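Here are some notes for a first reading of this model. Keep the structure open and find each residue as it comes up.

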Amino acid sequence: MPTHYTRIVLNERPPGDIDSKTFRSEKVPYSKVKVGDDQVLVQVTWLSLDPAMRGWLRVRPVMLVTSTSLSLAQDERSYLPPVQIGETMRAGGLGVVVDKGKNVNFKIGQLVSGSETFILNQKLLLILHACAGTFGWTEYAIVNGKDAEPIDTPQGLLEIDYLNNLGMAGLTAYFGLKDIGQVKAGETLVVSGAAGAVGSMVCQLGLRAGAKVYAIAGSQDKCEWLEKEIGVTKAINYKGPSFRQDFREIGYLDVYFDNVGGDILDMCLSRLNRNARIVLCGAISAYNSVGKPKGIQNYLTLISQRAKIQGFIVFDYVKRYPEAIAEISQGLRDGSIKRKFHIVEGLENAPSALPLLFSGGNTGKLVVKVAEPLQTKL
């Protein structure tokens, strides 16, 4: 085992774009690693980089709860608390068990995933968070055994599929499109951020449902990939000079899956069919904004077209995850669902890779390869 390991912590909160001062690297003596009876020590091999991580760097409110009331110290609420200054940057990931406590049944060498675990107490409208399941930006992580999910990769699937199509990205696409979007055969589906992990999965699920799928992306290369590999009806480059005219040629839309917010959301609101559904999944265009994001202007179309606009959080569907994983797994095995990864090598490059999500620098799922697993005896 090493004498030291590396972790990357939050150094300061960025008011706007993430920069070189946002994070700092620390060396931790391996001798400080102490595994409790109910814990496992995981060597982290892969990390997921996701747009939501930008929100975890912001200051969030403290929830004040009594037996009869719930109040907020600020007027901003979130489903997760912020990462604290000096704390290891939060991230889901994959790794292998290299040590365990006496009460844990995992085998040494078992592949496990780490992601957020939540308990929802609706009576108090309180989200109790147990983020111990995330591995974070570190080479080694100690987590409770119950918060590490064992993975036995079936034939035809990849380990890192569990950070993409079979992870939060795929689950978000599945429930957002099927439950909120309720897309039907023959309908027109528009997807923004379509070359990203969630967006490309939404496009494929829409095609499987029989919809006409129009993808919005930020480069000609991405548009060509979406048309030739994913098979969308048409992909439009929002940075192109004829974008607005190209978009109008689509006609009116039945479902809009929004990953970007801002001007594109506002534009889509002006092109709704009657009873259209707008799925609010993310707002990448506003995540680095200083102050409040720009408001929408064309919301009156929601009234005239009897349309719906709704946000959602994928963790609300945790009891139905097996349903989504079964369908997506089958699509991956038979080739009808495709995957694409943007792989960054080395934990030290995670801070410079994260901003790619907000500049459009990635195509497909952005992941960091931290290390090859140590040779362990099963």
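1. A definition comes first: a residue is called buried when its relative accessible area is under 20%, exposed when the value is over 50%, and partly exposed in between. Arg-320, at 30% relative accessibility, therefore counts as partly exposed. Please keep in mind that this is a predicted model.

2. Arg-320 has a charged partner. Its salt bridge is with Glu-323, and the closest N and O atoms of the two are 3.0 Å apart. Glu-323 is also partly exposed, because its relative accessible area of 35% falls between the two cut-offs. Side chains of opposite charge can pair when their charged atoms come close.

3. How many salt bridges does a search of the whole structure find? The search gives twelve. Arg-320 with Glu-323 is one pair that forms such a bridge, and the next points take up others.

4. Asp-37 and Lys-102 form a salt bridge, with 3.9 Å between the closest N and O atoms. The two residues are 65 apart in the chain, and the pair links distant parts of it. Asp-37 sits in the loop between strand E2 (23–29) and strand E3 (39–48), while Lys-102 sits in the loop between strand E6 (93–100) and strand E7 (111–114). Are these residues buried or exposed? Asp-37 is partly exposed at 39% relative accessibility. Lys-102 has a relative accessible area of 68%, which is over the 50% cut-off, so Lys-102 is exposed.

5. Arg-208 and Glu-327 also meet through their side chains in a salt bridge, at 4.0 Å from N to O. Arg-208 belongs to helix H3 (residues 197–208) and Glu-327 to helix H8 (residues 321–334), so the bridge ties together parts that are 119 residues apart in sequence. Both ends fall in the middle class: Arg-208 is partly exposed at 37% relative accessibility, and Glu-327 is partly exposed with a relative accessible area of 24%.

6. Salt bridges can also join up. Arg-7, Arg-24 and Glu-26 are linked in a network of them.

7. What does the search for disulfides give? It finds zero in the whole structure. Two cysteines can still be placed by their accessibility: Cys-203 is buried, with a relative accessible area of 0%, and Cys-223 counts as buried at 3%.

8. Ile-160 is worth finding next. This residue is in the loop between strand E11 (148–150) and helix H2 (168–181). Ile-160 is buried because its relative accessible area, 9%, is under the 20% cut-off. Leaving aside residues up to four places away in sequence, Ile-160 touches Trp-46, Leu-94 and Phe-341. Ile-160 and Lys-369 are 209 residues apart in sequence, yet their C-alpha atoms are 9.8 Å apart in space.

9. Last, look at the second largest pocket, which holds about 420 Å³ of space. Strand E1 (4–10) and strand E10 (140–144) are the elements that give two or more residues to its lining. Which of them gives the most? E10 does, with five residues.

10. The lining of that pocket has 22 residues, and those nearest its centre are Thr-88, Phe-135, Thr-138, Ala-141 and Ile-142. By class, the lining is made up of twelve nonpolar, five polar and five charged residues.

How values were computed
Residues numbered from 1 in each chain as written. Predicted model: local features only at pLDDT ≥ 70, side-chain atom pairs only at ≥ 80, totals over all residues. Heavy atoms only, no water. Helix = DSSP H or I, 4+ residues; strand = E, 2+ residues; numbered from the N terminus. Buried < 20%, exposed > 50% of the residue type's maximum accessible area, 1.4 Å probe, protein only. Contact = heavy atoms within 4.5 Å. 1 Å grid on protein atoms, 1.4 Å probe; cavity = no way out; pocket = protein on both sides within 12 Å on 5 of 7 lines; lining within 4 Å. Points joined across faces, edges and corners; volume = space filled by probe spheres on them. Nonpolar A, V, L, I, M, F, W, Y, C, P; charged D, E, K, R; others polar. Disulfide = S-S within 2.5 Å.
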